[in-house]
Structure formats: structure tokens, C-alpha cells
Protein chains: 2
Amino acid sequence: MSKKLTTREDNYSNWYNELVGKADLAEHSEVRGCMVIKPHGFAIWEKMQRSLDDMFKETGHVNAYFPIFIPKSYFSKEASHVEGFAKECAVVTHYRLKTDPETGEVVVDETAKLEEELIVRPTSETIIWNTYKGWIQSYRDLPILVNQWANVVRWEMRTRLFLRTAEFLWQEGHTAHATKQEAISEAEQMLDVYATFAEEWMAMPVIKGVKTESERFAGALDTYCIEALMQDGKALQAGTSHFLGQNFAKAFDVKYVNKEGKEEYVWATSWGVSTRLIGGLIMTHSDDNGLVLPPKLAPIQVAIVPIYRSMEQLEQLQDKLKPLVAELKKRKISVVFDDDDNRKPGWKFAEYEMKGVPIRLAMGPRDLENNTIELARRDTLEKTNVSFENVADTVEGLLETIQSDMLAKARAYRDSNMHNADTWEEFTDIIANKGGFVSAHWDGTSETEEQIKQKTKATIRCIPLENKKESGKCILTGNPSEQRVLFAKAY
Amino acid sequence: MSKKLTTREDNYSNWYNELVGKADLAEHSEVRGCMVIKPHGFAIWEKMQRSLDDMFKETGHVNAYFPIFIPKSYFSKEASHVEGFAKECAVVTHYRLKTDPETGEVVVDETAKLEEELIVRPTSETIIWNTYKGWIQSYRDLPILVNQWANVVRWEMRTRLFLRTAEFLWQEGHTAHATKQEAISEAEQMLDVYATFAEEWMAMPVIKGVKTESERFAGALDTYCIEALMQDGKALQAGTSHFLGQNFAKAFDVKYVNKEGKEEYVWATSWGVSTRLIGGLIMTHSDDNGLVLPPKLAPIQVAIVPIYRSMEQLEQLQDKLKPLVAELKKRKISVVFDDDDNRKPGWKFAEYEMKGVPIRLAMGPRDLENNTIELARRDTLEKTNVSFENVADTVEGLLETIQSDMLAKARAYRDSNMHNADTWEEFTDIIANKGGFVSAHWDGTSETEEQIKQKTKATIRCIPLENKKESGKCILTGNPSEQRVLFAKAY
């Protein structure tokens, strides 16, 4: 298998697809729209899970697990929710197969038809709020701060590995609160957790904002989001946190008795990020040689390759390098010592480069003589010869440097692709020719938003939380506007 | 809600169901056969997952993720596999809902019918071996040592929380090997991992064995298992590891080129444990007061309750106890300091007892004067006053003691319920009146095995791996037998 990728300039979409395959991250399964997450891809997801889960627990959340199936009738209870998800539901109608006695073929047993169809969860608000009804009686039972790690299914017709698949993995937090303000604070807190995770772990800068009405989650009063910018100038919605008001409490009749003895409906939030983050991670950092991973999420942080012509040389290198491997492991650095004799060093270099290993060390007989080692940075592709003395310190420090350099580089890219547009001409020119985020005035109506989308394919990604009020005129209609919003073409 | 449970003697089954509810482990959902795993139950599962996952990785395995849907035709490819699972398959037939324009009801959109039905995975051999076909060409691609943590669905008609549910969580390892011997060694190794986990983490002694032909996994040549004994004298199959031979490789045409350049079919194993283990954990240790947890799997290992009449006393106790909390946390001991003023100490004691917290510490003004603290062991219900000096050491040591005492107690129970039977009368008497494992001769035929099951409800749990050869006569037919096998009624 050739290790060469189509370049990003030649065909960004092919580059992405080839990289996902060649870096052993994922592949399409034969099941429509469903992916196989391969070991290297899954190892990244595990690192994401572990660090997010720690952050959820630090903010007082616990995990639980709810059924994968949702009775069809539950969906109907929240009107906008069913409207949002009905078109992409996988429906279970039967519970048994049988062998056809005539043809010998395995067929659905028509006598085993469900009375009520079950939906494979596209999201779990309905089944969870139906459960919370039994958990909540008094203010003493609140808040409920529960998260679930799960698979969900949305029958997408056009899929792309990680970015949009029929089945994906995610976490979904579902919290219940006594007051509106507490629920809003929770939704905002979780948005901050996501933003911190994106920046500190993924080295992916994000803009925090709130969605317009037409881009809101089906059933939410407000959808907060983090938006990132990919290398092709398109935006990626990387996580959302919803203030659900009392919509689901009303749909499922979930009330609590407050301290004054009065019954009230419970306030809700939900929030989630998914394996889509891996798509964002790839498109924020990777290059034409393959994956580039920030050290904090790299399953392998350091690869060490001995270069030798004789078994005697190999043994000398093993003697020299194995203590280094042990030392790095002691420092909780994930390291591979690759002395596999079946593969040549060049093959190994290309392999670790493709897989995004942040630091590669190589040592040959000459290095052994000089007490040096070759160190290659994946993010900058720089190679240097460094002293073997204190190389563990060098590596440990460099991993931190790479992590922060990658964030700085991604932030510089994002900032240099953040444009203001004050006229329709400016706006359409940037969207069509430059890409990136465009900050522009909008008259606040869904009609205008839809027209802009029809004309340019750009959508309002968010109203940034840190927006300043500023009087202006809508770029399309010229109607008055009080603030700029953020447009982009998006995944 | 009353904290009192039905006693085990009165009604073992009610005791179990009530405990699962009152200890906040799980509950039935409104979706037939599917459970909600509540936070305390899920926290135990997380601890199990973490330690098992570490053991899998230490033995060279990596995680991946495969689709939840399996095309119906895949099942047909391995004849005994489809026969084993066809009767309990949830079948997806449609991919869209719509609102009926006349009634306004949400209904299945009949125009969105799948060409081929999809099965919600009951186990993943077929979809995984269909994927492995693309991963394996040469001996260099072997072995593949992959595990997946996932939800699976088997449409059980009679369900019990944790023990038998339509949807459950599990891990399934699926490995591919160049040789038969390597695959058998892998299946045996993973059985050892399960046995080690059961004994060292769950404090649940198990017997390692191999299943008879009629109890084998659908598609396996050999099914290894670990069998535990519950307090009601019934056995529980706690984990299985299958040597699958070349069955799935042949069904999905997965061949590799060996070092000599010849094509051969690949050898396979699969192995799994599930949330059923939580049922086993409950029924191995718990008592009429509630859950008893081994310290290594307890989400909360130590609960500290201050006893006070005035706020001044509470403050004194907080000053005294908070450094202890910090010290225990420093030692990686999971501790709750419960100074919630809304609940009385008696309520808290009952709560932590029900939830199986291994050690409860309580301190009142008198203890403060004497510089002592009351220490209660959950497993033995013993209370002692210990010196506050070095109490962290006392607690840390006691957690280890409790862990080993619980295993010793469970082993003593199991051993005292291990009977030999040499005649049909002896056999039926023990099965009907005493319960436990019965070691007896069997003539080796499936017919006899089935007759014994029909007459007594006892099944052959396994042929123990450490069995000694011994000539004898089958307890039912009197035909010659060369070894004893292990019978029991089972969950």
C-alpha cells in the first residue's frame, strides 16, 4: 500500500479520506453509513473519553446508562423534537428471524412483530426524561447530573468518516434542575468544559457562541456551541450544550415539590460531543504526510527506531536505548521501541509520520559513537541531532512545547481567516474565494438567514458569546442590526 | 422509601430485585427487557471495565469499534451461529418516521423500507470477520488482538436485572491467528484473565472449565467458561472464551499467506464478559441489609459521618475530619465525607450499608474527647472504636483485609457446597434439597445430558480444566465414564 497521500491543495476531500484510511483510523463498513473505528482511531477516542470524563466528574457529574431503544410514542411527546429526528430514525419492527422451511433462507419472522415500533436512539432526551419522572419528587432529588457514553444512530444519507456517520459514538449529558438560572449556568459550564478540552487537549481553538433559532437543537430554548475552523476554510461545529427549558419536563410530566411545598416543572439541559471531534482533530493539524497529533491525545507519543546493519549493532543499540524506553515510561510517556527486523527504517519513519506520532527518535552506529540521537518533530518536520545525555528531559519538555505550538499555529491560522464584511459584495467574495469565518451584520430574521444560505451556502455558525454590541446594517437586506454574527460554510 | 429488604431466606428472588433497586444499581425501563443502569451500578461497571481493560492491554490487546447493525445475510453464513441467535434478534426494517397527514400521528414511513434488514448485534463475530477479510493478507498481519466494549441485544423473553436483559453491556474480544495452537492458547489465556479478575477484583471464586457440546457458543469448537456459585446454591456462568477454529474464516473467506507462501484459513477466538458480572457480584457477597462490595470495586470505599447536636460540634468535627479525608484521598482511597445537614446519621448509616460501602467511620463529641473514631465493617457488620491516631493506616490495611476476607468467605461457602454424587438418588437429593455444585459421572452423550436436565433442571456447568481422570458409571444410565463433570442448577 502506497503511503503517499493526495495533497490538500490537489483535493482536500480525497486527502482527508485517504489519511483516515492510511493512518489506520477508520474505514467504511459494508453496513450503509456505519464506520469501523480501527485501533489507532479508537485509541485517540479513548484518550478523549478519559480526559473529558475526568472533567465531567470534576464538575460533579456521574455516568449512567439508558436503553438503546426508544418507543415510537415517546418521540411524539415533544413536538419539535420528533420533527427534528423523524427523518433519520432506524426503526426496529420485529424481534425474531426464522429459517424459511421452503427456501432454507433466513427471513424475518412475521409472527414476531412488535406492538409498538422501537427507534434506535438518535439522542436520549425522551427515554431519559421518561425515567427521571420516577427519580424526581422533591427539590432534595435535584440537581441530577448524569452523563452517558453511548452509540447513537441518525440515518444520514451522505456520510463521511467521523464527520457524519449513521452510527456514531458520543457522550450525552442530561441534567435536571430546580431553577431556570441553575440550568442555564449548567449549559454554560459544560460549554466551557468543551472549549477547554478543545483548546488544551486537542490544540484546536474554538469560538463559543449561541445558535440562531433555526440552527437550534430540536426541543431546545437555546443551543450553545463551540465552532472551529478547518484548514480548508470551512467551519466545524465541535460540540453543543442545550438549555432545554421545561420542554421535556412538560412532555413527560416531571415535576418536583419545592421548598415552599409547591409543585413546579423541572428545568433541563443536555450536552454532547462525539467521534466527530476526531474529524476536527485531523483537519485542524494534519499535513500532506499524514496525521499530526497533539501529544496529549497521541496514543503513541514517542517512537524510537534503531538503525543498524548487523545484529551486533542492533544489540549495542538495544543496550543503549532500552534504559531510555524505561525512563520515558516511568515518566508516563507512551513510547514504542521499534526493533522489528521485518521492516526497514524508512518504512517505519513513513508509518509513524502517517500515524501522527509527535516525536520520532532514531539512532545509528554513528550516533552511538557521538553519544547523540536524531530527534524529529512531527508537527514541524524539523530534525535535529541532540545529545543523548538528558534526552528524556529533552523529550518531555518538547512534548509540552509541541502541544502549545500546535495550538498557537492553529490559532494564528484561525485568526488570519477571520474576516469582517460590511457589504454583500465583500461578503460573497470572501465566502466564495477565501473561506474562513466572516463576521457580518444580520437583521435577525430566519428568512434572511435562509436566503443567505441559499445564495452562498454559508450559514450562521453562531452569535459569539463575547460579541460586542455594534450598530450596523444587515449585509443582505440593509435592515438595522445590533451586532455582528459569525458566518461560514460548514461541515 | 423503606430501606428494609425481604430476607434471602424468605424470598431470594425478591431480595435480589429489591436490593438492585434500593442500592440504586438499576431498574427496569419501560422498554421491554431493557434496563436503566443507575449511577451507583454504573460506577461499579466502570471500575470493572477499567481493571479488565488494563488486563487486556497488558496481554497485548487493543480496542476498536464495529457497527451495531449486522446485515441479515451475514448471519446465514455460519450455519450454527444463525441457529443460535435467530430466535432473539431485534430487526431494523425501516429508516424513517413521518407524521400521518390525516391523524397527525407519528408513524413508520413505509416508503423508507430497507432492501436488506439489519440485525441489532447480539454478538459481533460475523460483522468483524467480514471486516477482518480486508485486514488480513499475510502472516505479517497476524495475530489481530482486538477487543470492543459495546452494547448488544438479545431478545430474551424472561429478563432479570443484570442477569438476563434484552440489551446489555459487555466486551467482546475477537482475535485472529495463524495457527490452531496459538488460537487455543489465546482462548485459554483470556479465560485465565477472567478467572483472575473474578477472584482478585470481585472476590468471587470460580471454576474454570470447558462446556459440553450442547452448551457451546453457536459457532465455537470449544467454549471455555468460568462458573461461580451464588448464595442460593445456583451456579452463574460468569464469562466465556471460545476457540472458534476456522469456522468464521471459512464463512467469510478469510485466508492468509503463510511464511512458505501457501494460503491458509485464519484461526479465531472470541471471549466476553458482561454487566451480568454485577449480578454475580451482588449474589456472591450481599446480605439482608443490602449490597456488600469488595473494596477494589467499590465506587465509595469509605464513608465518614459526623454525629453532632450543634453547629459548633459540627465545626469541631469538620476541623478534625477534613485532614483525614484529604489524607485518604492522597492514598487514592475513594472517600465521602457526609456532613449533609438534611439527613440524620441513622439514615446515612442505612444508606451506606445498603450501597455496600466497605468501611464506615463515625465520630461524635465523645470520640472527639477520647481521640477515637467508630469504624464499621460492611462485610462482617463489626463495629469497633479505634484510635484516631494512624486511622488512615488502619483504614488502608483494613480495605486489603476485607478484600481477602471476602474471597476467603466466598470460597469457603463454595467449597462447602461442592458435593460428590455417585448414585442417581444422591444426585437428585442434592440438586433438589441442598443445591450447589455436584460432581458426578456422566456418559458423555448429549441425550443423557438433556434427560438429566429435564428430570432435575440441573445442567452440566462445565468439565473442570483441572479434572482428574477417574473411572466410574454415569449417574443416570450407568454407562462407563472416565471423569466427573460439574452439575448445578444455573441462572
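Which strands of chain B does helix H10 (residues 345-354) lie across, and at what angle does it run to E17(B)? I began with this question, working throughout on a predicted model.

**Entry 1. The sheet of chain B**

I found that H10 of chain B lies across E17, E18 and E19 of that chain. Its direction is at about 175° to E17(B). I then traced the sheet itself: it is open and has five strands, in the order E18-E17-E19-E20-E21 (chain B), with mixed pairing. Strand E18 (335-337) and strand E21 (383-387) of chain B are the edge strands, each paired on one side only. On average, neighbouring strands of this sheet are turned by 25° against each other, direction ignored.

I also looked up helix H12 (residues 391-416) of chain B, which lies across E17, E19, E20 and E21 of chain B. I noted that H12 runs at about 10° to E20(B).

**Entry 2. Strand E19 of chain B**

I followed the pairing of E19(B) on each side. With strand E17 (residues 302-306) of chain B, strand E19 (residues 359-363) pairs in the parallel sense over five bridges. Within that pairing, B:Val302 stands opposite B:Ile359, and B:Ile304 has B:Leu361 as its bridge partner. With E20(B), the sense is antiparallel and there are four bridges. There I recorded B:Glu374 in E20(B) as the bridge partner of B:Ala362.

Is E19(B) buried or exposed? Five of its five residues are buried. I separated the residues by face: B:Ile359, B:Leu361 and B:Met363 are on one side, B:Arg360 and B:Ala362 on the other, and all are buried. This division agrees with the rule that side chains alternate between the two faces of the sheet in a regular strand.

**Entry 3. Relation of the two chains**

I checked how chain A superposes on chain B: a rotation of 180° with 0.0 Å of shift along its axis does so, at an RMSD of 0.0 Å. This is therefore the relation of a two-fold axis. In chain A, the C-alpha nearest the axis belongs to A:Val92, at 2.1 Å. Both copies use the same surface, as 100% of the contact residues of chain A recur in chain B.

**Entry 4. The nonpolar core**

Which residues touch the most other members of the largest nonpolar core? They are A:Phe69, A:Trp129 and B:Phe69, in a core of 252 residues. I listed the contacts of B:Phe69, leaving aside residues up to four places away in sequence. In chain A they include A:Val31, A:Cys34, A:Ala90 and A:Trp155; in chain B they include B:Val92, B:Leu118 and B:Ile127.

A:Trp129 led me to helix H5 (residues 125-135) of chain A, where nine of the eleven residues are buried. Among them are A:Ile127, A:Ile128, A:Trp129, A:Tyr132 and A:Trp135.

**Entry 5. Backbone details**

After H5 I examined the loop between H5 and strand E9 (144-153) of chain A, which holds A:Pro143. The peptide bond from A:Leu142 to A:Pro143 is cis, with omega near -5°. In chain B, a cis peptide bond joins B:Leu142 and B:Pro143, with omega about -5°.

I also noted positive phi values in residues other than glycine. A:Lys332 has phi near 65° and lies in the loop between helix H9 (311-330) and strand E18 (335-337) of chain A. It counts as exposed because its relative accessibility is 75%. A:Asn390 has phi of about 60° and is found in the loop between strand E21 (383-387) and helix H12 (391-416) of chain A. At 54% relative accessibility, A:Asn390 also counts as exposed.

Technical notes:
Residues numbered from 1 in each chain as written. Chains lettered and ligands numbered in written order. Predicted model: local features only at pLDDT ≥ 70, side-chain atom pairs only at ≥ 80, totals over all residues. Heavy atoms only, no water. Pairing = 2+ DSSP bridges. Helix = DSSP H or I, 4+ residues; strand = E, 2+ residues; numbered from the N terminus. Axes fitted to C-alpha atoms, helices over the stretch in contact; angles between N-to-C directions. Contact = heavy atoms within 4.5 Å. Core = buried A, V, L, I, M, F, W, Y, C linked by side-chain atoms within 4.5 Å. Buried < 20%, exposed > 50% of the residue type's maximum accessible area, 1.4 Å probe, protein only. Least-squares fit on C-alpha atoms with pLDDT ≥ 70 in both.
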